[in-house]
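Open the model in your viewer and keep the selection box handy. Each stop below says what to pick and what you will find there.

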Amino acid sequence: AFGAEEAVWPAPALRDPWTIPFYDGERFLERLCETVKYVVPGLVGEIFTEDERALTRTYSSILSLVGAGYEDYRDIAGVLFSRGIVKNGGSSSVVPYMANMVSMGLLEESRRFDDGRKVYRIPSFPMKLHYYLDSRYGTAERPVAFSEVRQAAEDLLRRGAEELVADLFCEALGGRKELLKRKDAELDVLVTVRNKPALVAEVKWGRVTKADVGAFLAKVSGFKCRKVLVAKARLDTDEVEVMTPADLVNVAATVRR
């Protein structure tokens with residue numbers, strides 16, 4: 001059986017059941033990086049009908065851009081137009097494809113808290129890992145040592161943990177996950193209920209100090225809602241609600257009762 005921390009760390013990847021046989025502790029991420037370039041394209045190809053397969057280049061290009069970090073459909077349309085993949089650079093050239101992929105579960109749609117504009121991400125960590133590493137290192141076209149991609153893969157897994165926490169709180173609160181990225185504040189987790197902030201959180205897997213607590217509270221000072229700092233261990237503070245991996249496991253167990 002997993003300990004709580006060990007369960008949370010690989011959880012973003014293990015949400016895709018096909019990855020479970022690859023889990024072997026410390027080498028799990030390395031094995032996943034070696035495998036995704038063979039598995040993911042086949043899984044994506046199997047999803048589309050025969051008629052849709054003629055459009056696979058467009059679908060695959062959109063997934064590749066989202067996996068590389070593009071979130072705004074307008075930016076995606078512009079890049080695809082510049083590459084000659086769609087006939088015009090307007091949003092209408094990509095939105096139907098993206099809506100189709102949302103319905104298939106290949107993409108997840110959320111929105112920016114400040115302006116309500118739609119943004120997209122790939123909910124499957126292994127799929128995101130494949131497209132992200134390929135966009136940065138060309139892993140689909142050449143052998144790449146894990147030492148070359150380790151830092152990027154670990155960073156992506158940490159971001160996956162943040163998204164996992166956000167999804168968990170969304171389910172627990174019956175809320176909506178939203179995105180906030182601006183120069184003065186970027187939040188790991190923002191959950192709204194009836195369009196009002198219900199919870200903000202930061203996920204810290206390294207050493208956490210009181211200075212980190214102060215920085216988090218300063219960043220979320222304008223939010224009148226629940227404020228949570230997720231950390232590996234309890235902190236000696238009453239300034240903020242601290243949740244450990246064990247607490248997250250308990251929340252997950254409660255949600256799924």
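Two strands pair if DSSP finds at least two bridges between them. By that rule β3 and β6 are paired, since DSSP-style bridges join them at two places, in the antiparallel sense. Keep in mind throughout that this is a predicted model.

**Stop 1: the sheet**

Start with β3 (176-179) and β6 (189-193). Select arginine 176. The bridge partner of arginine 176 in β6 is threonine 192.

Now widen the selection to the whole sheet. Seven strands form an open sheet, in the order β2-β1-β3-β6-β7-β8-β9. The pairing is mixed. Which strands are at the edges? They are β2 (118-121) and β9 (241-243), and each pairs on one side only. Look along the sheet: from one strand to the next the twist averages 35°.

Go to β1 (108-112) next. β1 and β3 run parallel, joined by two bridges. Pick arginine 111 and look across to β3, where the bridge partner is glutamate 178.

Then move to the other side of β3, to β6 and its partner β7. Strand β6 (residues 189-193) and strand β7 (residues 196-204) run antiparallel, with five bridges between them. Select valine 193. The bridge partner of valine 193 in β7 is lysine 196.

While the strands are on screen, recall a general rule. In a regular strand, side chains alternate between the two faces of the sheet.

**Stop 2: the loop between β6 and β7**

Select arginine 194 and asparagine 195. Arginine 194 lies in the loop between β6 and β7, and asparagine 195 is placed in that loop too. Check the backbone angles. Arginine 194 has a positive phi of about 50°, although it is not a glycine. Asparagine 195 has a positive phi of about 70°, and it is not a glycine either.

Buried or exposed: what is arginine 194? It counts as exposed, at 74% relative accessibility. Asparagine 195 is exposed as well, with a relative accessible area of 52%.

**Stop 3: the loop between β1 and β2**

Select arginine 117, which lies in the loop between β1 and β2. Arginine 117 is partly exposed, with a relative accessible area of 30%. Show its contacts. Leaving aside neighbours within four places in sequence, arginine 117 is in contact with Asp72, Arg74, Ser110, Arg111 and Arg112. Arg111 is the residue you met in β1, bridged to glutamate 178 in β3.

Add leucine 157 and draw a distance. The C-alpha atoms of arginine 117 and leucine 157 are separated by 26 Å, and the two residues are 40 residues apart along the chain.

**Stop 4: helix α9**

Select residues 146-173, helix α9. α9 lies across β1, β2, β3, β6, β7, β8 (226-231) and β9. Its direction is at about 20° to β6.

Add helix α11 (residues 245-255). The axes of α9 and α11 come within 10 Å and cross at roughly 40°. That makes α9 oblique to α11. The crossing is left-handed.

Show side chains. From α9, Val165, Leu168, Phe169, Glu171 and Ala172 meet Leu248, Val251, Ala252 and Val255 of α11. By class, this contact has eight nonpolar, no polar and one charged residues.

**Stop 5: helix α5 and two partners**

Select helix α5 (residues 56-68) and helix α8 (residues 125-137). They pack at an angle of about 85°, with their axes 8 Å apart. α5 and α8 are therefore roughly perpendicular to each other. α5 contributes Ser60, Leu63, Ser64, Gly67 and Ala68, and α8 contributes Met127, Lys128, Tyr131, Tyr132 and Ser135. The classes here are five nonpolar, four polar and one charged.

Keep α5 and swap α8 for helix α6 (residues 73-82). α5 and α6 pack at about 125°, with their axes 10 Å apart. They are therefore oblique to each other. The crossing of α5 and α6 is right-handed. Ser61, Ile62, Leu65 and Val66 of α5 make the contact with Ile76, Val79 and Leu80 of α6. It has six nonpolar, one polar and no charged residues.

**Last stop: valine 95**

Select valine 95, in helix α7 (residues 95-104). Valine 95 is partly exposed, with a relative accessible area of 30%. Add valine 149. The C-alpha atoms of valine 95 and valine 149 are separated by 32 Å, at 54 residues apart along the chain.

Conventions. Residues are numbered from 1 along each chain as its sequence is written. This is a predicted model: local features need pLDDT of at least 70, side-chain atom pairs count only at pLDDT 80 or more; totals for chains, interfaces and linings use all residues. Side-chain values use heavy atoms; hydrogens and water are left out. Axes are lines fitted to C-alpha atoms, for helices over the stretch in contact, and angles run from 0 to 180 degrees between N-to-C directions. Helices (H or I, at least four residues) and strands (E, at least two) are DSSP runs, numbered from the N terminus. Angles under 35 degrees count as roughly parallel, over 145 as roughly antiparallel, 65 to 115 as roughly perpendicular and the rest as oblique. A crossing is left-handed if the near helix is turned anticlockwise from the far one by less than a right angle, and right-handed if clockwise. Contact means heavy atoms within 4.5 Å. Ala, Val, Leu, Ile, Met, Phe, Trp, Tyr, Cys and Pro count as nonpolar, Asp, Glu, Lys and Arg as charged, and the others, Gly among them, as polar. Buried means under 20% relative accessible area, exposed over 50%, partly exposed in between (1.4 Å probe, protein chains only).
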